[in-house]
Amino acid sequence: MQTSTNTTFGNKSSNTVQQCIDAGKVSAIADMMLHLGEGCTENQLLAHFDRADLEQFGERARSEARKRQERSTVSRVPARRAA
């Protein structure tokens, strides 16, 4: 009985670790997209990431980069007006 509990916990733990690794890759790709700027190309990203990672996480990273850019733009507009 104890063995099945440990196995279940082990599977949950490894899934959580994999989710953290995936989230880290998405975040890293999004960071690079923002660094390279609007219009960055796949070839530019391939200089930093594997093709497999870009294929697996590219869309999620693009979505995250857009969200970050929108938040950044919205938060800076009032400060400029206040100056």
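## Fold

From the N terminus on, the elements run α-α-α. The chain holds 3 helices and 0 strands. The model is a predicted one. Of the 83 residues in the chain, 18% count as buried.

## Nonpolar core

The largest nonpolar core has 11 residues in all. Its members are Val 26, Ile 29, Ala 30, Met 32, Met 33, Leu 45, Phe 49, Leu 54, Phe 57, Ala 61 and Ala 65. H1 and H3 are the elements that give two or more residues to this core. The largest share, 5 residues, comes from H1. As background, nonpolar side chains tend to be buried together in soluble globular proteins.

## Largest pocket

How much space lies in the largest pocket? The volume is about 490 Å³. A set of 17 residues lines this pocket. The closest to its centre are Met 33, Gly 37, Cys 40, Arg 62 and Ala 65.

Helix H1 (2-36), helix H2 (42-46) and helix H3 (51-82) are the elements that give two or more residues to the lining. H3 gives the most, with 8 residues. By class, the lining of the largest pocket has 6 nonpolar, 5 polar and 6 charged residues. Two residues close the link to the core: Met 33 and Ala 65 are among the residues closest to the pocket centre, and both Met 33 and Ala 65 also belong to the largest nonpolar core.

## Salt bridges

The count comes to 5 salt bridges. One of them pairs Asp 53 with Lys 25, with the closest N and O atoms 3.5 Å apart. Asp 53 lies in helix H3 and Lys 25 in helix H1, so the pair ties together parts that are 28 residues apart in sequence. Are these two partners buried or exposed? Asp 53 is buried, with a relative accessible area of 16%. That value falls under the 20% limit for buried residues. Lys 25, at 32%, is partly exposed.

Glu 42 forms a salt bridge with Arg 51. Here the closest N and O atoms are 3.1 Å apart. Glu 42 is partly exposed, with a relative accessible area of 43%. Arg 51 also counts as partly exposed, at 44% relative accessibility.

## A network in and around H3

Glu 64 and Arg 68 meet through their side chains in a salt bridge, 2.3 Å from N to O. Both residues lie in helix H3, 4 residues apart, so about one helical turn separates them. Glu 64 counts as partly exposed, at 24% relative accessibility. Which residues do salt bridges with shared partners join into one network? They are Asp 31, Glu 64 and Arg 68. Asp 31 falls within the span of helix H1 (2-36).

## Cysteines

How many disulfides does a search of the whole structure find? The result is 0. Cys 20 is exposed, with a relative accessible area of 53%. Cys 40 is partly exposed, at 23%. Cys 40 is also one of the residues closest to the centre of the largest pocket.

## Summary

H1 and H3 recur across these features. H1 gives the largest share of the nonpolar core, and H3 gives the most to the pocket lining. The pair Asp 53 and Lys 25 has one partner in each of these helices.

Terms used: Residues are numbered from 1 along each chain as its sequence is written. This is a predicted model: local features need pLDDT of at least 70, side-chain atom pairs count only at pLDDT 80 or more; totals for chains, interfaces and linings use all residues. Side-chain values use heavy atoms; hydrogens and water are left out. On a 1 Å grid over the protein atoms alone, a cavity is a set of points where a 1.4 Å probe fits but cannot get out, and a pocket is an open set with protein on both sides within 12 Å along at least five of seven lines; lining residues have an atom within 4 Å of a point. Grid points are joined across faces, edges and corners, and a volume is the space filled by probe spheres set on the points. Ala, Val, Leu, Ile, Met, Phe, Trp, Tyr, Cys and Pro count as nonpolar, Asp, Glu, Lys and Arg as charged, and the others, Gly among them, as polar. A salt bridge is a side-chain nitrogen of Lys or Arg within 4 Å of a carboxyl oxygen of Asp or Glu. Buried means under 20% relative accessible area, exposed over 50%, partly exposed in between (1.4 Å probe, protein chains only). A disulfide is a pair of cysteine sulfur atoms within 2.5 Å. A nonpolar core is a set of buried Ala, Val, Leu, Ile, Met, Phe, Trp, Tyr and Cys residues joined through side-chain atoms within 4.5 Å.
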